[in-house]
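Q: Please take a close look at one part of this model and set it in the context of the whole chain. A connected account would be preferred to a list.

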Amino acid sequence: MSYTIAVAGKGGTGKTTLAAFIVDYLRKNKKGSLLAVDADPNSTLNECLGLALKGTVVGILDKIAAMKNGLPSGMTKDRYIEYEVQDSLSEGEGFDLLAMGRPEGPGCYCYANTVLRGVIERLSKGYDFVVIDNEAGMEHLSRRTARQIDCFFIISDFSRIGIRSARRISDLAGEMEIKIGKKYLIVNMAPEGSPVGATGGIENLKGEIAASGLELAGVVPFEKNIEDLALAGKPVIGSRENEEINKIFKETIEG
Ligand SMILES: Nc1ncnc2c1ncn2[C@@H]1O[C@H](COP(=O)(O)OP(=O)(O)OP(=O)(O)O)[C@@H](O)[C@H]1O
Ligand SMILES: [Mg+2]
């Protein structure tokens, strides 16, 4: 059984950045094979990890739809998707990456998502760790990209709104048929000089955090280095070890 870690939260709180740091932490500190999943149709995890996308689940579905002569004889659609997925995994140093990709045009992602869910379930069996970066908000929870999450990180920015949003995500996750092992809040982008920082520091958020009922795994400071790398379109991992972030994962992720 693989150990599944998922990252969720309001838009722009740093989900993808922290998912990339989790991948980096796991490949350096845990023994075992590792699959990173970009379940956000607007794929950016590969950039944070410094990897070009080889293919996407949506790309595979488009390819099947465009096949004039149908699937190769004797192959079921599921079997064919499985075969193509193996071929479309991007290989990083110490991990593989699977991306959902974005369906063309408006319309809904339901079908691509159902396929992604099946793909994740089958692929997971071959990995010790699976890290899933989700799109912003709560939609992905109702689509249940993962049915079992061993360690669920809800990311908030340094604001009451962010923490209230994290609370709603946590509540919804509790109402869904998703088995969640451990659930943590991470407050990201704390202003420099926190706890005395410009917005009054983490003390100001303590009441809101307590009301959320979420366990605070840690506070990640705003780091110019992270912002600069993103601005330059460079991978966020591999630049240098981030002690605060590593400490959070060391204390929370098992396996
Ligand atoms: N601790 C940090 N210090 C400085 N910049 C950060 C930090 N965490 C994230 N960022 C920056 O904030 C921006 C948003 O981060 P990111 O893309 O990880 O958020 P997200 O929650 O995945 O966004 P989306 O909801 O669009 O998927 C990026 O430019 C990223 O580099
Ligand atoms: Mg993201």
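A: The account below concerns helix 1 and its surroundings, beginning with the chain as a whole.

The model is predicted. The secondary structure of the protein chain comprises 10 helices and 8 strands. Its radius of gyration is 19 Å, close to the 18 Å that the globule rule gives for 255 residues, so the chain is as compact as a globular protein of that length. The C-alpha trace spans about 65 × 40 × 35 Å along its principal axes. Of the 255 residues, 40% count as buried. Where contacts join residues at least 6 apart in sequence, 81% of them link residues at least 24 apart.

Helix 1 covers residues 15-29. Its 15 residues reach 21 Å from the first C-alpha to the last, close to the 21 Å expected at 1.5 Å a residue. The helix is mostly covered, with 12 of its 15 residues buried. The buried residues are K15, T16, T17, L18, A19, A20, F21, I22, V23, D24, Y25 and L26.

One setting for this helix is the largest nonpolar core, which has 71 residues. Helix 1 gives the most to this core, contributing 8 residues. I22, V23, A36, V131, F153 and I186 are the residues with the most contacts inside the core. In soluble globular proteins, nonpolar side chains tend to be buried together.

V23 deserves separate attention within helix 1. V23 counts as buried because it has 25 C-beta neighbours inside 10 Å, the threshold being 20 or more. Not counting residues up to four places away in sequence, V23 touches L34, A36, L49, F95 and V131. A36, with the same kind of sequence neighbours left aside, is in contact with V23, L45, L49, F95, L97 and V131. L49, F95 and V131 thus appear in the contacts of V23 and also in those of A36. V23 and D96 lie 73 residues apart in sequence, with their C-alpha atoms 10.0 Å apart in space.

Helix 1 also takes part in the surroundings of ligand 1. The ligand is surrounded by 19 residues, of which G14, T16, T17, A136 and A230 are the closest. Helix 1, strand 7 (179-190) and helix 9 (224-231) each supply at least two residues of this shell. By class, the shell has 6 nonpolar, 9 polar and 4 charged residues. T16 and T17 are among the closest residues to the ligand and are also among the buried residues of helix 1.

Definitions and conventions: Residues numbered from 1 in each chain as written. Chains lettered and ligands numbered in written order. Predicted model: local features only at pLDDT ≥ 70, side-chain atom pairs only at ≥ 80, totals over all residues. Near = placed C-beta within 6 Å. Helix = DSSP H or I, 4+ residues; strand = E, 2+ residues; numbered from the N terminus. Nonpolar A, V, L, I, M, F, W, Y, C, P; charged D, E, K, R; others polar. Core = buried A, V, L, I, M, F, W, Y, C linked by C-beta atoms within 7 Å. Contact = placed C-beta atoms within 7 Å. Rg over C-alpha atoms; globule rule 2.2 N^0.38 Å. Expected span 1.5 Å × (residues − 1).
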